[in-house]
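Let's take a walk through this structure together, starting with its charged side chains. Keep the 3D view open as you read.

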Amino acid sequence: MIAFINVAGCMDRIGTTTQAVQLTRFIKSMDYDVAYMEMNDKNYIKNTNNVYSDYEEKDTGIISVQGIDVIPRHKYIDIKKGGSNLDFLIIDHGCVNDKRFDRKEFLHGGIPILVGGIKANELVETENALRDNEMQKAFFVFSFVEEGDNEELLLNMGRKKDETFFSPYFPDPFVQMNESKEDYFQQVMSAVMLRVERG
């Protein structure tokens, strides 16, 4: 049965798409059937057609970029009804403050992962999300954080500390993995898989 992983950011430009694409790449490296879906209005994937030489739009509507299959969002309902042989679908929900953000689907339509940060312009939105009781259901990923700040942040996360992760730096959503990035995603997926198994 397919598992849905929903990724959203506390604000724009916090690394949501990078996390979603890289998570897709990592799961694929584990020999699972996985695809990415852009459930927001950013059109990031369509705009990569002049950037990556192996961008390909297939007759099925699926786009392939750097070996990652991108399924158009109009296929979402069919997939939810069982019309897919995928093991995982990673869904990029964009920013929680977007007008079209589907809060219910993000929180209850799969396993939610929320991306935040601690820069001055990020902190208010990150804290707002953390104060939201429903958002406590989500795993939490901090982007763009100095390693020396991790321990203090974990203390501040309270009971969420075991479901909090610190992303390494990704200069590009489609950049190849290295060992530190693989270790990070292994931690995230170990936690995700526990929740998948619990149902």
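In this predicted model, there are 11 salt bridges. As a reminder of the chemistry, side chains of opposite charge can pair when their charged atoms come close. A good place to begin is the pair formed by Lys 42 and Asp 12, whose side chains meet with an N to O distance of 3.4 Å. This salt bridge links distant parts of the chain, 30 residues apart: Lys 42 sits in the loop between strand 2 (34–38) and strand 3 (56–57), while Asp 12 belongs to the loop between strand 1 and helix 1. Lys 42 is partly exposed, because its relative accessibility is 39%, and Asp 12 is partly exposed with a relative accessible area of 39%.

Next, find Asp 132 and Arg 103, a salt bridge in which the closest N and O atoms are 2.7 Å apart. Asp 132 is in the loop between helix 4 (120–131) and strand 8, and Arg 103 is in helix 3 (residues 103–108), so this pair ties together parts that are 29 residues apart in sequence. Arg 103 counts as partly exposed, at 30% relative accessibility.

A further salt bridge brings together the side chains of Lys 160 and Glu 163, at 2.7 Å from N to O. Are these two partners buried or exposed? Lys 160 counts as buried because its relative accessibility is 4%, and buried means under 20%. Glu 163, with a relative accessible area of 24%, is partly exposed. Some salt bridges also share partners, and in this way Asp 12, Lys 42 and Asp 98 are joined into one network.

Lys 181 is another lysine to look at. You will find Lys 181 in helix 6 (residues 179–198), where it is buried, with a relative accessible area of 9%. Setting aside residues up to four places away in sequence, Lys 181 touches Pro 168, Tyr 169, Phe 170 and Gln 176. Lys 181 and Gln 22 are 159 residues apart in sequence, yet their C-alpha atoms are 9.1 Å apart in space.

Now turn to the surface, where Glu 146, Glu 147, Asp 149 and Glu 152 form a negative patch. Glu 152 lies in helix 5 (residues 150–156) and counts as exposed, at 55% relative accessibility.

Finally, have a look at the backbone. Arg 13, in the loop between strand 1 (3–9) and helix 1 (16–29), has a positive phi near 60 degrees although it is not a glycine. Phe 144 likewise has a positive phi near 60 degrees, and its place is in the loop between strand 8 (139–142) and helix 5. Arg 13 is exposed at 81% relative accessibility, whereas Phe 144 is partly exposed at 39%.

How values were computed
Residues numbered from 1 in each chain as written. Predicted model: local features only at pLDDT ≥ 70, side-chain atom pairs only at ≥ 80, totals over all residues. Heavy atoms only, no water. Patch = residues over 30% accessible without salt bridge, like charges linked within 9 Å, V, L, I, M, F, W, Y side chains within 5 Å. Areas by Shrake-Rupley, 256 points an atom, 1.4 Å probe, with all protein chains shown as cover. Salt bridge = Lys/Arg side-chain N within 4 Å of Asp/Glu carboxyl O. Lys, Arg positive; Asp, Glu negative; His and termini not counted. Charge placed at Lys NZ, Arg CZ, Asp CG, Glu CD. Helix = DSSP H or I, 4+ residues; strand = E, 2+ residues; numbered from the N terminus. Buried < 20%, exposed > 50% of the residue type's maximum accessible area, 1.4 Å probe, protein only. Contact = heavy atoms within 4.5 Å.
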